[in-house]
Amino acid sequence: MGIVVNILLNAINIYSYIIIIYIFMSWFNAQQSSIGQMFARICEPYLEQFRRFVPPIGMIDISPIVAILVLRLASSGLVQLFKWTI
């Protein structure tokens, strides 16, 4: 069971880093590159869920911040569930 939890935690961390890289790519207008399009296919379905509920503040889209917080809460919840099952 611990191996499965570690794999899920690593996947959540990697996905968080991918979202952060995707955010930085938007700042530098690199989303039109092939790597940017690949990250868009990976990140946009998840980020769209938060863009429905979190309005942008001026020109700043804070939905990726909320999305990363939810991922962190999910990983903390996963660890807590694993501790309860031991």
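What covers the buried residues of α3? I shall come to that shortly, after an introduction to the chain.

Good morning. The structure before you is a predicted model. The chain contains three helices and zero strands, and from the N terminus its elements run α-α-α. Taken along the principal axes, the C-alpha atoms fill a box of roughly 45 × 30 × 15 Å. Of the 86 residues in the chain, 29% are buried. Among contacts with a separation of 6 or more, 52% join residues that are 24 or more positions apart.

Let me now return to the opening question. In α3, the buried residues are S63, P64, A67, I68, L71 and S75. The cover over these residues includes α1 and α2. I shall take these two partners in turn.

The first partner is α1. Helix α1 comprises residues 2-27 and helix α3 residues 63-85, and their axes come within 10 Å of each other. The crossing angle is roughly 170°. Angles over 145 degrees count as roughly antiparallel, and α1 and α3 are therefore roughly antiparallel to each other. On the α1 side, the contact is made by G2, V5, L8, L9, I12, N13, Y15, S16, I19, I20 and I23. On the α3 side, it is made by P64, I68, L71, R72, S75, L78, V79 and F82. By class, the residues of this contact divide into 14 nonpolar, four polar and one charged.

One residue of this contact merits a closer look, namely S16. S16 lies in helix α1. Is S16 buried or exposed? Its relative accessibility is 0%, so S16 counts as buried. Setting aside residues up to four places away in sequence, S16 touches I68, L71 and R72. I68, L71 and R72 are among the α3 residues named in the contact with α1, and I68 and L71 are also among the buried residues of α3.

The second partner is α2. The axes of α2 and α3 come within 9 Å and cross at roughly 105°. An angle from 65 to 115 degrees counts as roughly perpendicular, and α2 and α3 are therefore roughly perpendicular to each other. From α2, the residues Y46, L47, F50 and R51 take part, and they meet S63, P64, V66, A67, V70 and L71 in α3. This contact has eight nonpolar, one polar and one charged residues.

Here the residue I would single out is S63, which is found in helix α3. With a relative accessible area of 0%, S63 is buried. Which residues does S63 contact, leaving aside its neighbours within four places in sequence? They are L47, F50, R51 and V54. For F50, there is also a distance to report: S63 and F50 are 13 residues apart in sequence, with their C-alpha atoms 5.5 Å apart.

I turn next to α2 itself. Its buried residues are G36, F39, A40, C43, E44, Y46, L47 and F50, and these pack against α1 and α3. Where does the kink in α2 lie? A kink of about 45° is found at E44, shortly before the proline P45. E44 is also one of the buried residues of α2.

It is worth comparing the end-to-end length of two helices with expectation. At 1.5 Å a residue, the 18 residues of α2 should span 26 Å, and the end C-alpha atoms of α2 are 24 Å apart, which agrees. For α3, with 23 residues, the expected span is 33 Å, and its end C-alpha atoms are 33 Å apart, which also agrees.

Two further residues complete the survey. N29 lies in the loop between α1 and α2. The phi angle of N29 is near 55°, a positive value in a residue other than glycine. At 63% relative accessibility, N29 counts as exposed. Q80, by contrast, has its place in helix α3, and at 35% relative accessibility Q80 counts as partly exposed. Q80 and I35 are 45 residues apart along the chain, and their C-alpha atoms are separated by 35 Å.

To conclude, I return to the arrangement of the helices. In this predicted model, α3 is roughly antiparallel to α1 and roughly perpendicular to α2. Both α1 and α2 are included in what covers the buried residues of α3. Thank you for your attention.

Key:
Residues numbered from 1 in each chain as written. Predicted model: local features only at pLDDT ≥ 70, side-chain atom pairs only at ≥ 80, totals over all residues. Heavy atoms only, no water. Axes fitted to C-alpha atoms, helices over the stretch in contact; angles between N-to-C directions. Helix = DSSP H or I, 4+ residues; strand = E, 2+ residues; numbered from the N terminus. Parallel < 35°, antiparallel > 145°, perpendicular 65-115°, else oblique. Contact = heavy atoms within 4.5 Å. Nonpolar A, V, L, I, M, F, W, Y, C, P; charged D, E, K, R; others polar. Buried < 20%, exposed > 50% of the residue type's maximum accessible area, 1.4 Å probe, protein only. Expected span 1.5 Å × (residues − 1). Bend = angle between axes of the 7 residues up to and from the residue.
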